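Trainee: Hey, got a minute to go through a structure with me? I'd like to pick out a few spots and ask about them.

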Amino acid sequence: MAHPQETRDQIRKAYVFNGLSMEIAAAQAGVSFVTARRWKKESADKGDDWDKQRSAHMMAGGGLEDVSRALLFALVIQFKTLMDEVNNTEGVKLETRVDMLASLTDAYNKSISASKRILPETSQLAIALEVVQSMGTFIAEKYPQHLPVFAEVLEPFGDVIEKSYG
């Protein structure tokens, strides 16, 4: 299926300027990851290296704080992506799922702690996200049948948290 140029541009913008992962940028545009990765490679072959543009955009944005903020934002997106994958993988026992979520939460909390040294405002964001994570773990343990609804509500609520604390 041929996609319009606007779709390719949308993915490039999401990846380069918004700092989204290629997987999420592709999903938001309704394109397979494989197709988006191919477009990225084709662009690089023509001299438009999305990774270099992404790095330059982050660094031009204002130094260490902006780069740290972008990395933290990317981490939050990756954390949510992995959390969704854990929650949506069929055949995984609840105990295993809880262990996986606990491991993700631990890695996330360590990253947040490290970022607090660079970004003091991260503390408020960290508390807000920790509450959301705790709620996700609580739902996984006590009400696993509600995980799909929680995951559905979590993404738009992430925008609210970002506007309030990010």
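Trainee: Is leucine 94 buried, partly exposed or exposed, and what's its relative accessible area?

Mentor: In this predicted model, leucine 94 is partly exposed, with a relative accessible area of 33%. Buried means under 20% relative accessible area, exposed means over 50%, and partly exposed is in between, using a 1.4 Å probe and protein chains only.

Trainee: Which helix is leucine 94 found in?

Mentor: Helix H6, residues 94–116. Helices are DSSP runs of H or I with at least four residues, strands are runs of E with at least two, and they're numbered from the N terminus.

Trainee: And what is leucine 94 in contact with, leaving aside its neighbours within four places in sequence?

Mentor: Ala140, Glu141 and Pro144, where contact means heavy atoms within 4.5 Å. Proline 144 is 50 residues away from leucine 94 along the chain, yet their C-alpha atoms are separated by 8.1 Å.

Trainee: OK, and the overall picture? How many helices and strands does the protein have?

Mentor: Eight helices and zero strands. Of its 166 residues, 34% count as buried. As for contacts with a separation of 6 or more, 58% of them are between residues 24 or more positions apart.

Trainee: Where is confidence lowest, and where is it highest?

Mentor: Confidence here is pLDDT, the predictor's own score for each residue, from 0 to 100. Helix H4 (residues 50–60) is lowest at a mean of 73, and helix H3 (residues 33–45) is highest at 95. The mean for the protein is 80, with 83% of residues reaching 70 or more.

Trainee: Any ground rules I should know?

Mentor: Residues are numbered from 1 along each chain as its sequence is written, and side-chain values use heavy atoms, leaving out hydrogens and water. Since you're looking at a predicted model, local features need pLDDT of at least 70 and side-chain atom pairs count only at pLDDT 80 or more, while totals for chains, interfaces and linings use all residues.

Trainee: Switching to charges: how many salt bridges does a search of the whole structure find?

Mentor: Six. A salt bridge is a side-chain nitrogen of Lys or Arg within 4 Å of a carboxyl oxygen of Asp or Glu. One of them joins aspartate 48 to arginine 12, with the closest N and O atoms 2.9 Å apart. That pair links distant parts of the chain, 36 residues apart: aspartate 48 is in the loop between H3 and H4, and arginine 12 is in helix H1 (residues 5–16).

Trainee: Is arginine 12 buried or exposed?

Mentor: Arginine 12 counts as buried, at 19% relative accessibility. Its partner, aspartate 48, is partly exposed at 23%.

Trainee: What about salt bridges in helix H3?

Mentor: Arginine 38 and glutamate 42 form one, with the closest N and O atoms 3.3 Å apart. Both lie in H3, four residues apart, about one turn of the helix. Aspartate 45 and lysine 41 meet in another, at 3.1 Å from N to O, and they too lie in H3, four residues apart.

Trainee: Why does that spacing suit a pair?

Mentor: An α-helix has 3.6 residues a turn, so residues three or four places apart point the same way.

Trainee: Last one: which residues are linked with Arg38 in a network of salt bridges?

Mentor: Arg8 and Glu42.
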